[in-house]
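Here are some notes to read alongside the structure. Please keep the view open while going through the numbered points.

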Amino acid sequence: KTMKEWGLANVHTEAWPFGRSWQNQRFVALAVMPRAYPLIGYPKAWTPGTNGPVTGEAVMALINSESDFATFKGKLRGKFVLSVAMRDVPAHFEAQGHRYTDAELADLSKQPEAGRGRGGRGNFGGAQDFNRKKTQFWIDEGVAAVLDFSRGDGGTVFVQSAQGVSRDPKGPAQPAQVTLEVEHYGRIWRTLDKKIPVTLQMDIANTFYDADQNAHNIVGEIPGSDKADEVVMIGAHFDSWHSGT
C-alpha cells in the first residue's frame, strides 16, 4: 500500500522457499531450589517446547569431544543441561564506546580491508558432524532442555536459532534449547560449582507452522524515462528475531 502511494508501478509479492515458520507462545523459567528466583532468557528459534511445566535438576555437562559422551551417558534424563563453560563477565567501569578522533579515523583508513571469504574456518565439516552427534545425544538422553548464555550482559540477551536447526519439517529432531541472560546462567553455574544442587522449572510453548513454507519479497518499479531500458536494483532487508522488541 505504501509503495503504491509513493507512485511505484507493478507492486507485487514474489514467493521464495523459506521453510516452516516458528513462534514462541510461552516462556516461563525460574530457579526453584536452593532459592526461588526468575530467570531471564528466550528459547532458541526452531526448537521445540517442553509440553507443559517441567521441573528438574540443573547439571553441568560440557561435551567437547567424542570421549565426553561416555562420561555423561545415562546421567542426564530430565535434567537441565548447562552446555557451555561460564565466561568472565567484567564490570563496566568505563564506557565501552567512544567517538573516534580525526587521528584515529585517519589511522583506520590506512588499515587493510579484512577478508570476507570463508577461508580459515578449519575443520568445518567435522564440527558440523560432531554437533549433530551432540544434538542426538541430548535427545537420546531425554534432557529437559539444553541451556547456554547470551553474548550480551547487563540484562541484554542476544538469541537466534540453535546450531544445526533445520526449517525443514523432516529435518533432524532437536531438544528444547534456551539462551539465558549471562548473569543468570552464571548464578546457576557458581551454585553448582560449590556443590549445591539447583532445581529449575521451565514452561515453554513453541509452535511450528508448516502450511505455507514460503517467504515473500515485495517488488515494485519506478518507471524510467530516457533510460527506460536500463535497470537499477535497490533492496532492503527487514528482519528481526523473537527477542527483538
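**Notes on rings, charges and the sheet**

1. The charged end of R167 is placed over the ring of F18, at 4.0 Å from the centre of that ring, in what is a predicted model. A second case of this kind involves R151, whose charged end sits over the ring of F158, 3.7 Å from its centre.

2. Aromatic rings also pair with each other, and the count comes to 8 aromatic pairs. In one of them, the centres of the F18 and W46 rings are 6.1 Å apart and the planes meet at 50°, so the pair is tilted. This pair joins distant parts of the chain, since F18 belongs to the loop between β1 and β2 while W46 belongs to the loop between β4 and β5, 28 residues apart.

3. Are these two residues buried or exposed? F18 is partly exposed, with a relative accessible area of 27%, whereas W46 counts as buried at 12% relative accessibility. Ring pairs link both of them with W16 and W241 into a cluster.

4. The sheet is open and mixed in its pairing, with 8 strands in the order β3-β2-β9-β5-β6-β7-β8-β4. Strands β3 and β4 stand at the edges with a single partner strand each, so one side of each is left without a neighbour in the sheet. Within the sheet, β2 (residues 21–33) and β9 (residues 199–209) pair in the antiparallel sense over 11 bridges, and Q23 has T207 as its bridge partner in β9.

5. Helix α5 (residues 182–193) lies across several strands, including β7, and runs at about 70° to β5.

Conventions: Residues numbered from 1 in each chain as written. Predicted model: local features only at pLDDT ≥ 70, side-chain atom pairs only at ≥ 80, totals over all residues. Heavy atoms only, no water. Pairing = 2+ DSSP bridges. Helix = DSSP H or I, 4+ residues; strand = E, 2+ residues; numbered from the N terminus. Contact = heavy atoms within 4.5 Å. Axes fitted to C-alpha atoms, helices over the stretch in contact; angles between N-to-C directions. Phe/Tyr/Trp six-rings, centres within 6.5 Å; stacked < 30°, edge-to-face > 60°. Buried < 20%, exposed > 50% of the residue type's maximum accessible area, 1.4 Å probe, protein only. Lys NZ or Arg CZ within 6 Å of the ring centre and 35° of its normal.
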